[in-house]
Structures are given as C-alpha cells and as structure tokens.
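Subject: Structure handover

Hello,

Here is the structure I promised to pass on. Please open it first, then read the notes below it.

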Amino acid sequence: MKAKRILGIACGVLLAAVLGGCIYLNTLMPIITGYAAKNLASAVFVSGRDQADVEALDLHFSFIKFNKNKVDYENQTVTSRFLWAKSKAIYREGWGVTLLRGRKAEERLRAQAFPLEVEQTGCAVGARHDAEQKHCGKCAEGGCKPEGELAERLEPIAKAFVDDRAYNGHPFAFVVLKDGKKVAERYDKGITPHTQLLSWSMGKSFTNALVGIMAKDGLVNIYAPTGIPEWAGDERSKITLNDLMQMQSGLEWNEDYGNRSDVNLMLHREQDMGLYAINKPLEHAPGTFWYYSSGSTNIVMRYLRSKFASNDEFIRYIDERLFKPLGIRGAHFEPDMNGTPVGSSYLYVTPRDYASFAQMFLDDGIVNGERILPEGWVDYTRTPASASEGAYGAFFWLNRNHVCPDVPEDMYSCNGHDGQQIYIIPSKGLVVVILSYSPKPDRVIEFNRLLKDIIDTL
C-alpha cells in the first residue's frame, strides 16, 4: 500500500508538472508563432529575401525553428504554426508588415489606404548623390563601388568582413563614410543597395531624431511632464520625454528577449504597443534609475502620434520632415495594430539610408545646408544619462564606458538586437554601418576589432 501511495503521489506530481508546462508553453505561443510570422513576412515582402534562407538563418533557434511557415505570395501574408497555435502577419504596400491581433484584424487593416505615394527606394547615400545617379545601371547591379585611395585601403577589410566572415557573424551589408564620402561598401549574396533591411533597436535612434524635429517645430518639450492621461494622479505624471529617451522613466519593465518578457509580449501579443508600456507601474523615481526598455520608445512614439489628428497626418509628417530631407524613399516604418509606427524595432530602409541618417548626426543635424535637427540636439543626444554610467545618451549608446576599448571615447552608436550597428565617430569623421545577423552569445561580430582595423587602415 505504501508503494502504491508513493507511486500515486509521483504520478500526481508528474501530471501537475506536465500540465503546468503546457500552460506555460501556451502563454509563449503568441511569441513563438508571432515572431516567426512577423519576421518572415517582413524579410520576404519588404527585404525580398528567400523564405528558405530566412528560416535557415534568422529563424533557426529555440522553439522558433519548429514553426511550420506558409508564405502566401498572392495575398502577401505569412502564417506560422507551432503545435496547437498559429499567428498571421500581413504585408500592405507602404505600411510594411503588421502582426494580426484581435477580431477582424485583417479586414480592418486591408481597408486602410497608405497616405503617401509609394515610391521606389533609391540607391544614393541620402540626398548627397545627384538625381542622375540615383537609378544608374551599376547600382541596380550592386555596383557603384567607392573609388580612391581610402577605398582601396578598405577593400580588403570589406571583403574579409562580408565575404570571408573573418570578424564572425553573418554580415548582410557594410558601408563606411569618411568625412561624408563613401569609402567602403559591400553586400552579401542576395542583398543590394536597394534592399531594405531591419533596424531592430536602431529604430530608437530614428525616434530620437523625430523627437528633435518636433521639438524644433514647437510640438513637444522634452523636459516637461508628458501629460499622458493614464498617468494623471500618480507619480508617473512626473515622467518627461527626456526620462523616457534616456531610459530612466522608472517604469517596471523586463527586456529579456529569451522568455515571456514585457518586450516579447509587447511586440508579439499587443495591438497597441505603446499603451501596454504606458500601463506599467512605477518602480523607481523618474530620472534616478537606468534600465533599457523598448517599451519606453513605444511610449514616446505613441505620445508623438497624439500630437496629430490622425495616423495619416503623422506618417506624412515623418516623411516630410525626416525621411525626405535625407533622401530616403519608400521607408517602411511598420506600425502596430493601432497604426502607430513601432519606434523601438520595426524600421526598414536601405543600408545607404542608414548611412545618410548617421551622417546627419555627424554633421550636427544639418543636411545639404539645411538644419534638420535643432541646434544642440546632437550634443544632447551624446550626453550620458545620469544613472547609465556613461553607457547611454538619448536613444543612442555611448562609448564613454569604453565598451569598444580600441575605439575613440567620443564614438556613439545605434545598436540593434541581432547585430545591426551604426557607429558614429566624430573625431575620425567616420560613419560605419553594419547590417547583419549576429545573435548573442555565440556568433557576435567582433565589432571592436573591426572598428580598430578600419581606423588603423585609414
């Protein structure tokens, strides 16, 4: 009898463990299937990549690799299934890809017309090429290689990095500007100067620029409380845009990408991503504690959107005041179900567009003689957040803490989740754009060594 009792208890414990595991796994399903559907759809319909290549590289990890993915080219959707769950993502011209959540989501999104004329992306480094160069035949073939002594010096590094994988990772694109001139450019097989590639968290830095432009236009004050209605009547009402941009809002947040964290739930389950982050409670007094949060960026983007009468008006503003001055055509700043661009993560532009954006910061916010960012904005961007120990400014990372020890301390950067990087080094007049798949911990590109070799070579 005693043995039977022990066996019964053991079976009960085992059953409870299995049941608990299934319940927990079920809570992960929107993340597992949503990640695959969203990222595969964007890679196929925005970047023009091959499904098999994306599944073998970008989606070949954890539970994500077990999804069964169906790409519907006619309707421009991707459906991803894992065990009993599925997610669907839809591509819409101009908008990009949105993960469907909620009842009648697809019907509602398909009814929304994109407010801008859909343009083809150019191949110029921003507006710095003249009109005749933007669609030249060589660029269409991935040519237009940099010329001159500096380009010749950097060619072996570009080849070693992209072709030979000598610095680890899987690079897609590599662009270097020196004093505003392109001195290196190289692409992986299947990627061209026209290919729009994912920003991941480099999109946060574009959100920084948008805040600066709106501050210049008198639409926002970064040091004033936001007045977000959900925060009225409690300590969150003291939070400013500056607190949010410096990642010092004090709001509760979990940015761990490997589990059922806030960032994963926000990106893969929520219809209104900014509102999800807004509803988080306060853990620390605003401005006193630093913690990296994609939720903070989506709060900022939602707040910026609130200054306009409609999503369409907001999108037209972004295009006219940020993208067009940089020569960026046909950008995909992909929105959530609520229609707000996902400022934390989902921007798609070309490698040369990323370079143009960085050059604007290197030139103190001026493009072709026109001031785009307010005077002093770049200095503000590079000022360390008080509690970040020199690691972070305002939606930009800093090298004040010597994270790249062989690179000048004045370097600041846009950093993406899987190895997307834009490095700006004022003392060297350098912009380095790296678009890659370089996941932690085993395939991280040796960024410090690469930058050192570029600097030493020049």
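Start with S62. At 47% relative accessibility, this residue counts as partly exposed, because buried means under 20% and exposed means over 50%. S62 sits in the loop between α2 (51-57) and β1 (68-72). Its phi is positive, about 45°, although S62 is not a glycine. Most residues other than glycine have a negative phi. Keep in mind that this is a predicted model.

D364 is another such case. Its phi is near 60°, a positive value in a residue other than glycine. D364 lies in the loop between α12 and β10 (366-367). With a relative accessible area of 29%, D364 is partly exposed.

Now the overall picture. The protein has 14 helices and 15 strands. It has 458 residues, and buried ones make up 55% of them. Take the contacts between residues at least 6 apart in sequence: 66% of these join residues at least 24 apart.

Next, the cores. The largest nonpolar core has 109 residues. Which residues have the most contacts inside it? They are V211, L304, F323, Y354, F357, M360 and F361. Helix α1 (residues 2-45) gives the largest share of this core, 12 residues. Apart from it lies another core, of 25 residues. C404, V407, V432 and I454 are among its members.

Y354 deserves its own look. Leaving out residues up to four places away in sequence, Y354 touches L197, L198, S199, M202, F206, L347, Y348, V349, I422, V433 and L435. One of these, F206, belongs to the α6 side of the contact between α6 and α12.

That brings us to the helix packing. Helix α6 (residues 203-216) packs against helix α12 (residues 351-362) at an angle of about 50°. Their axes are 12 Å apart. The two helices are therefore oblique to each other. α6 passes α12 in a left-handed crossing. On the α6 side, S205, F206, N208 and A209 take part. They meet Y354, F357, M360 and F361 in α12. By class, the residues of this contact are six nonpolar, two polar and no charged.

α6 also packs against helix α10 (residues 294-305). Here the angle is about 35°, and the axes are 11 Å apart. This crossing, too, is left-handed. From α6 come K204, T207, L210, V211 and M214. They meet S294, T297, V300, M301 and L304 in α10. The contact of α6 with α10 has six nonpolar, three polar and one charged residues. V211 and L304 are also among the residues with the most contacts inside the largest nonpolar core.

Then W200. It is found in the loop between β7 (197-198) and α6. Is W200 buried or exposed? At 5% relative accessibility, W200 counts as buried, because the cut-off is under 20%. Leaving aside neighbours within four places in sequence, W200 is in contact with Y35, N39, L267, S344, S345, Y346, G416, H417, D418 and Q420. W200 and D418 are 218 residues apart along the chain. Their C-alpha atoms are separated by 7.6 Å.

L267, one of the contacts of W200, is a buried residue of α8. Helix α8 (residues 262-269) is mostly covered, with seven of its eight residues buried. Those are D262, V263, N264, L265, M266, L267 and H268.

Last, E334. Its place is in the loop between β8 (332-333) and β9 (347-349). How much relative accessible area does E334 have, and what class does that give? The value is 0%, so E334 is buried. Its contacts, neighbours within four places in sequence aside, are K38, S42, V46, W95, G96, V97, T340, P341, V342, Y346 and Y348. E334 and L347 are 13 residues apart in sequence. From C-alpha to C-alpha, E334 and L347 are 6.2 Å apart in space. Y346 appears in the contacts of E334 and also in those of W200.

Best regards

Key: Residues are numbered from 1 along each chain as its sequence is written. This is a predicted model: local features need pLDDT of at least 70, side-chain atom pairs count only at pLDDT 80 or more; totals for chains, interfaces and linings use all residues. Side-chain values use heavy atoms; hydrogens and water are left out. A nonpolar core is a set of buried Ala, Val, Leu, Ile, Met, Phe, Trp, Tyr and Cys residues joined through side-chain atoms within 4.5 Å. Buried means under 20% relative accessible area, exposed over 50%, partly exposed in between (1.4 Å probe, protein chains only). Helices (H or I, at least four residues) and strands (E, at least two) are DSSP runs, numbered from the N terminus. Contact means heavy atoms within 4.5 Å. Axes are lines fitted to C-alpha atoms, for helices over the stretch in contact, and angles run from 0 to 180 degrees between N-to-C directions. Angles under 35 degrees count as roughly parallel, over 145 as roughly antiparallel, 65 to 115 as roughly perpendicular and the rest as oblique. A crossing is left-handed if the near helix is turned anticlockwise from the far one by less than a right angle, and right-handed if clockwise. Ala, Val, Leu, Ile, Met, Phe, Trp, Tyr, Cys and Pro count as nonpolar, Asp, Glu, Lys and Arg as charged, and the others, Gly among them, as polar.
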